[in-house]
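Biologist: Before I use any of these labels at the bench, can you walk me through where they come from?

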Amino acid sequence: MVPLNYYGIEVFTASSRVMGWIKYVLYISMAIIFIIVALKFNPYALKNLTHYGGFMPYGITGLFAAMPIAMFSFGGSRTIPDFAEEVKNRRNLIWGLYSL
């Protein structure tokens with residue numbers, strides 16, 4: 001990030017846009033490859049969506065049960081950037097992170 005910020009915000013936004021598109025392409029291609037491989041080696045894989053109660057056997061309850069876990073993990077990853085936003089002297093940031 002330091003070299004990108006040094007050269008300006010235009011370079012930063014352009015590189016961020018390129019990296020974003022690369023991520024989208026990788027995610028979509030991995031999903032397609034996974035589906036092709038799963039169906040090739042197990043042609044009965046689609047039956048798992050209807051057996052044992054279907055796609056969401058516990059209904060919306062399972063989705064709501066998973067939400068607190070997802071938000072808890074998101075909150076844990078946001079600690080360091082949140083601390084970094086409020087520091088006045090950047091040299092003190094390292095001491096604050098060590099005290100965690």
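Modeller: Sure, starting with helices: they are DSSP runs of H or I at least four residues long, while strands are runs of E of at least two, all numbered from the N terminus. This is a predicted model, where local features need pLDDT of at least 70 and side-chain atom pairs 80 or more, while totals for chains, interfaces and linings use all residues. Residues are numbered from 1 along each chain as its sequence is written, and side-chain values use heavy atoms, without hydrogens and water.

Biologist: How many helices and strands does the protein have?

Modeller: Five helices and zero strands. Trp21 and Tyr24 both sit in helix 2, three residues apart, or about one turn.

Biologist: What makes Trp21 and Tyr24 an edge-to-face pair?

Modeller: Rings of Phe, Tyr and Trp (its six-membered ring) pair if their centres lie within 6.5 Å; planes under 30 degrees apart are stacked, over 60 edge-to-face, the rest tilted. The count comes to one aromatic pair. Trp21 and Tyr24 have 6.1 Å between centres and 75° between planes, so they pair edge-to-face.

Biologist: Why is Trp21 called exposed?

Modeller: Exposed means over 50% relative accessible area, buried under 20%, partly exposed in between (1.4 Å probe, protein chains only). Trp21 has 56%, so it counts as exposed.

Biologist: And why is Tyr24 called exposed?

Modeller: Its relative accessible area is 52%, so Tyr24 is exposed by that cut-off too.

Biologist: How do you know whether Ile28 is buried or exposed?

Modeller: Ile28 has 53%, so it is exposed; its place is in helix 2, residues 9-41.
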